[in-house]
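Here is a quick tour of one chain, with a look at its salt bridges, a helix pair and some backbone oddities. Keep the viewer open as you read.

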Amino acid sequence: MKRILIFAASLLLTAMASHLNAQSKELKPRLVVLTDIAPGNIEPDDMESMVRLMTYADQVEIEALITTIGWNCDPYPTEWADSLFRVIDAYQHDVKNLMKRSGQKGFQPLKAEEGMQEVGYWPSAEYLRSRVAMGSRRAGIGVIGSNNASAGSNLIIRLADEDDPRPLWVASWGGANTLAQAIWQVKQQRSEEQVKAFLQKLRIYTITDQDMQYNMRMHRAYSSHQWMRHEFARDLLFIWDESAWLSQNSLGKAHWEEYAAKVQGHGMLGKAYPTFKWGVEGDTPSFLHILPTGLHDPDDPTQIGWAGCFCRDMCPDSLTIAWTNWREPQKGISSQYENRFYADTFNDFAARMEWAANGKGNHNPVVIVNGKGGTSPLHLPTRPGASVTLDASTTFDPDGDAIEFQWWMQHNTGHGSKQVRLTAQGPSATLSIPSELKEAVIHLICEVHDKSSIPLVAYRRIIVHVQED
């Protein structure tokens, strides 16, 4: 029995080493944050989301943290940026514990950190401070122009121009005026084709539309957001969230006692996490959308993720088209999943705060389907009348915890899934494709939870393409 246990442990360690080696070669998604961060006693939600973002600094490449206007701060008070540095100072204290989560022993030189970061790498506080910039301090399309250039808009241009194949995600926690200014500057200086290439490197996820005062939020024409949607609809992937941020706010309020118990006071980051006023972490969905969880491809907003899902639709301004979720049936579909995933997203955060405080905690399971690891969707071709067998038996938990499987189909993306029969038991699943289904795209999720004091989840999306020869 002892030999069997030693052999089993050896297999687990080999699988873990193989996974970590593969994971280390996966590049992080690139992220720019536009934040109207303020002192916690004035407007705490951006600071809450900033603390949470720091606990995911190993999963996203934080390219820029740009302070800018929001609903209640036009012009943006420059002294509010001190709150951002306070969070980075807290990160500097806790990162030595967070690094234990991935076994990191030290930091790369700053020059190397400015290159392409791999998933699992925790950047230095020095690097993060070097990425802070002031953006536009005034709101609205009316201020866009030669007098509105800022360190923030110049930084966005430089980042988008870098020789990097990854898209540059811009998360707008306040107004996206700084991004609009960057686009305006490029438009003045470059050819039509060059502007197009610049725009196609960008992705924007806006938490509602905050490029104005709150009391005038229905005056869409005032906002630079409408200008970007109208002028660059073909080339700029624009996500306008009117569902996930509202769910996060309300669910956070309803479960505030969990934040007080498992987040506040845990490490220096927990001590920097303020108590809510109106809602909790309303800006967090903007980066939940790009986390490499295996659940979805952020570049396809129809795929359900931790920030819900979106469809191409007329915006609330009744004038422009974007990826949005503001009205039915899309809002109902997105809300259903936002509620379904809330406990998992919170537990994931709480487990990371435990690492920040104690330098130990739980790891997520590692999902391997048909011998393939990673987080990008697994594409499988098949034919009408065939059966597709999926085997996740080599999935494991790095801590040796017991795991449980759930297989499910996302019916509101792709086509033909309601005609397909799914049979699943434990780590195995079979899709039976009807012979009359000549063409279809089926989205299937393998969801795996571990059994621990703070249970964590991992996913793998499998996209089955049904086509005749």
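Buried means under 20% relative accessible area, exposed means over 50%, and partly exposed is in between (1.4 Å probe, protein chains only). This is a predicted model, where local features need pLDDT of at least 70 and side-chain atom pairs count only at pLDDT 80 or more, while totals for chains, interfaces and linings use all residues. Residues are numbered from 1 along each chain as its sequence is written, and side-chain values use heavy atoms, with hydrogens and water left out.

**A buried glycine**

Let's start with glycine 252, which sits in helix α10 (residues 244–254). Helices (H or I, at least four residues) and strands (E, at least two) are DSSP runs, numbered from the N terminus. Glycine 252 counts as buried because its relative accessibility is 0%. What does glycine 252 touch, leaving aside residues up to four places away in sequence? The answer is Ser247, Tyr259, Val280 and Tyr342, with contact meaning heavy atoms within 4.5 Å. Valine 280 is 28 residues from glycine 252 in sequence, yet their C-alpha atoms are 5.0 Å apart.

**Salt bridges**

A salt bridge here is a side-chain nitrogen of Lys or Arg within 4 Å of a carboxyl oxygen of Asp or Glu. By that rule, there are 20 salt bridges. Here are three of them.

| Pair | Closest N to O | Citation |
|---|---|---|
| Arginine 352 and aspartate 58 | 2.8 Å | salt bridge |
| Aspartate 89 and arginine 129 | 2.8 Å | salt bridge |
| Aspartate 317 and arginine 229 | 2.8 Å | salt bridge |

Take arginine 352 with aspartate 58, a salt-bridged pair. Arginine 352 is in helix α14 (residues 330–358) and aspartate 58 is in the loop between α2 (45–54) and β2 (61–67), so this pair ties together parts 294 residues apart in sequence. Arginine 352 is buried at 3% relative accessible area, and aspartate 58 is buried at 1%.

Next come aspartate 89 and arginine 129, also joined by a salt bridge. Aspartate 89 belongs to helix α3 (residues 82–98) and arginine 129 to helix α5 (residues 125–130), so to speak distant parts of the chain, 40 residues apart. Aspartate 89 is partly exposed at 41%, and arginine 129 is partly exposed at 28%.

There is also a salt-bridge network, which links Arg30, Glu61, Glu63, Arg131, Arg158, Glu162, Asp164 and Arg166.

**A helix pair**

Now look at helix α7 (residues 177–189) and helix α8 (residues 192–200), whose axes come within 9 Å and cross at roughly 155°. Axes are lines fitted to C-alpha atoms, for helices over the stretch in contact, and angles run from 0 to 180 degrees between N-to-C directions. The two helices are therefore roughly antiparallel, a label for angles over 145 degrees (under 35 is roughly parallel, 65 to 115 roughly perpendicular, the rest oblique). Ile183, Val186 and Lys187 of α7 meet Val195, Phe198 and Leu199 of α8.

**Backbone oddities**

Most residues other than glycine have a negative phi, and most peptide bonds are trans. The bond from aspartate 74 to proline 75 is cis, with omega near 10°, and proline 75 lies in the loop between β2 and α3. Another cis bond joins glutamate 328 and proline 329, with omega about 5°.

Is glutamate 281 buried or exposed? Glutamate 281 is buried, at 0%, and its phi is positive, near 55°. Serine 318 has a positive phi too, about 60°, but serine 318 is exposed at 58%.
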